[in-house]
Amino acid sequence: MTKQQFLDDLQKIYDFLDTQKSQTNQLIKHLEDKEFEKLTIIDDFAKALNLTMKDDLRFALVTRLVNLRNDSLVQVLKKLEKSEKEIIEIQEKAYNFVKDYWHDIHSKLLDFITTNNLLSPFYQEIFIGVYNVGLQMSAWQTSWTAHIINGINKELVAKFDGDEEKVMKYLEDEKLLDLGHGGIIADRSYSALVKNGDGYKSQAYIKAFKKETTEVIDALEEFADKLIELEDDVFNQKWDYVLYIQALIKAFSEDRTDELVSKWADVDRAWMKIKTPIQIGHPLEYYEDHFRKAVALEWDIRVTNPKFAQNDHRVNKIKSSFAKIYNSFNVNNEYKKIYDFSLKSLDKVQLYVGRPALFFGAEFQGLFSAQVVPNDEIVSLEEGKKIFAFSDEILQTSRAKPFLVLSREIFGQDILTLDRNFLFNETASWHQVYDISTIGHEYGHILWCDEQTESVMNKTGNFKNIEEFKATTGGLISYFLDENTDESHLKEQVLIDLVKRSVGLIGWMEVDEVQPYYCEGLIHLNALFDTKVLSWDDENKKLNINLSDAVYEELKAWYIKNYTALAKHYLDKLDATKFLNNYATKNGKYFMPNNETINSFVKYYF
């Protein structure tokens, strides 16, 4: 098979995924058009959860099934005055319903590929192998969430009366954090805590979840055996895939907790060697567990858009702004080492623009719109990183979203019309804004960090809660400090995008695993309110939005000043909570803005 034939087949798969997504998005259309008789699957969903159908529940269930988001459902359950225990049980049932729905969609993609004999036998087997392993990852997700998120973590919070700093200190003092490279405390774990007398001990997944992990290993072994019998005559990467899967088997089989980080680093090293348009995603991220950063059960295939041409457009703008901020400091040796480390990582980035094809496990709790990985900075120094951007998927999802009364009430019809026209009529410019805000965000993660930054800055458990702001702002700064004029026509839309993102992130307040995005939103709101882009009329409950050139210039100055302060915070490796507390303070369970006006607006919007 020639490379061109392969890419032609890949285009057919890409188009098929597009059609599949459109069909799923039809559920949103039926909801919007009040064609409830066409939403029988949502009626079945409500029955499976033993809930009586109402308008807000119907909306929440469509959102859970189509967009894989939990927040609306949690809100509805709270309104129904369900207890925390009941909410957890219903969320678990919802996960299983969503899982079955998407597994069925994924099996139809496999049928399409095999029936039409697309790609080569080797790549057909990659799809089949990933699907079979994925079924086991999804089966494991339930017990992983029950044990780590809803079990041990809730116990720890209760044990220390909700004081997360005390939880982190306890974990460190009791040596319950896994060790990573060079025997220092790792910034993540591939293990779980289990009860041990009055305390806890750390156990590798193969011990803590023996049955589930063994089933994943068995599926991976079968996958590797099948690939060994075939040849990759298109990209000649057969052994790269085989060695990668074998590295996964070794990592999942490792039972010594302090060996886990190095075994998973070997997985990441093997994975970085694979450079084809068919990319497998494995456990990489750790958002859900903000104590020990247990890595989530991600497993998927991402396919690259065959029409995508590699470019270094955004990374060059990022590098230029990075240098400008860095040169504003009194540079010392330590700063230079971190700067050079980040720069080397930027130079080795592989960029993949495409869409998810198959996904399992934790990804039924929410798909990313983009991702930069691996998180292991030692591996990144050697091999670089991969950035994945799902712009086609996000554009399609955004166009399918219903008009919400809430959006109209908050943003006003004029801004929504402007935004809607842009979304539907200016596709090329939309992709440019995505490049600034989302691909820029992923590059932004790489800046100001070395291999120890996270573990040193996360002593009080809030590193991720400032890191997402740092990432998005890295992309914005590359726009604000850009001396070229090739993107200056996007000014208004970049601003609207920022306003919508910042306000929208308030919705995540009570969803623990995405708390970093909620905190990011709170810091952006400080920027928007401080510079009068936004003002809140508390008496009339009205948000006023000012997109004038004058406030834009003030906003730009705010971001440059505060991002510079943040960069220095990272270079000095100060505790993350200190920076976050400039804008928001923990009030009970959640961070709330220090600024009283913003605080009042956040409560109203939520």
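**Exercise 1. Determine whether G588 is buried or exposed, and describe its surroundings.**

Step 1. G588 is exposed, because its relative accessible area is 62%; buried means under 20% relative accessible area, exposed over 50%, and partly exposed in between (1.4 Å probe, protein chains only). The model is predicted: local features need pLDDT of at least 70 and side-chain atom pairs count only at pLDDT 80 or more, whereas totals for chains, interfaces and linings use all residues. Residues are numbered from 1 along each chain as its sequence is written, and side-chain values use heavy atoms, with hydrogens and water left out.

Step 2. G588 lies in the loop between strand 10 (584–587) and strand 11 (590–593). Helices (H or I, at least four residues) and strands (E, at least two) are DSSP runs, numbered from the N terminus.

Step 3. Strands 10 and 11 form a hairpin with two residues between them, and G588 in the turn has a positive phi of about 75 degrees. The two strands pair in the antiparallel sense over four bridges; pairing requires that DSSP finds at least two bridges between two strands. T585 stands opposite M592 in strand 11.

Step 4. In strand 11, Y590 and M592 point one way, F591 and P593 point the other way, and all are buried. In a regular strand the side chains alternate between the two faces of the sheet.

Step 5. G588 and D163 are 425 residues apart in sequence, yet 9.3 Å apart in space, C-alpha to C-alpha.

**Exercise 2. Describe how helix 12 and helix 18 cross, and which residues make the contact.**

Step 1. The axes of helix 12 (residues 313–326) and helix 18 (residues 427–446) come within 10 Å and cross at roughly 65 degrees. Axes are lines fitted to C-alpha atoms, for helices over the stretch in contact, and angles run from 0 to 180 degrees between N-to-C directions.

Step 2. Helix 12 is therefore roughly perpendicular to helix 18; angles under 35 degrees count as roughly parallel, over 145 as roughly antiparallel, 65 to 115 as roughly perpendicular and the rest as oblique.

Step 3. The contact (heavy atoms within 4.5 Å) involves H313, R314, V315 and I318 of helix 12 and D435, I436, I439, G440 and Y443 of helix 18.

**Exercise 3. State the order of the five strands in the open sheet, and what packs on it.**

Step 1. The order is 3-4-5-7-6, with mixed pairing. Strand 3 (278–281) and strand 6 are the edge strands, each pairing on one side only. The twist averages 35 degrees from one strand to the next.

Step 2. Strand 3 and strand 4 (residues 298–304) run antiparallel and are joined by four bridges. Q279 has R302 in strand 4 as its bridge partner.

Step 3. Helix 10 lies across strands 3 and 4, running at about 5 degrees to strand 3. Helix 18 also packs on the sheet, touching strand 5 (350–361), strand 6 and strand 7 (386–389).

**Exercise 4. Identify the backbone features at N117, N236 and P374.**

Step 1. Most residues other than glycine have a negative phi, and most peptide bonds are trans.

Step 2. N117 has a positive phi near 50 degrees. This residue is in the loop between helix 5 (84–115) and helix 6 (121–159).

Step 3. N236 has a positive phi of about 60 degrees and is in the loop between helix 9 (210–228) and helix 10 (238–253).

Step 4. A cis peptide bond joins V373 and P374, with omega about 5 degrees.
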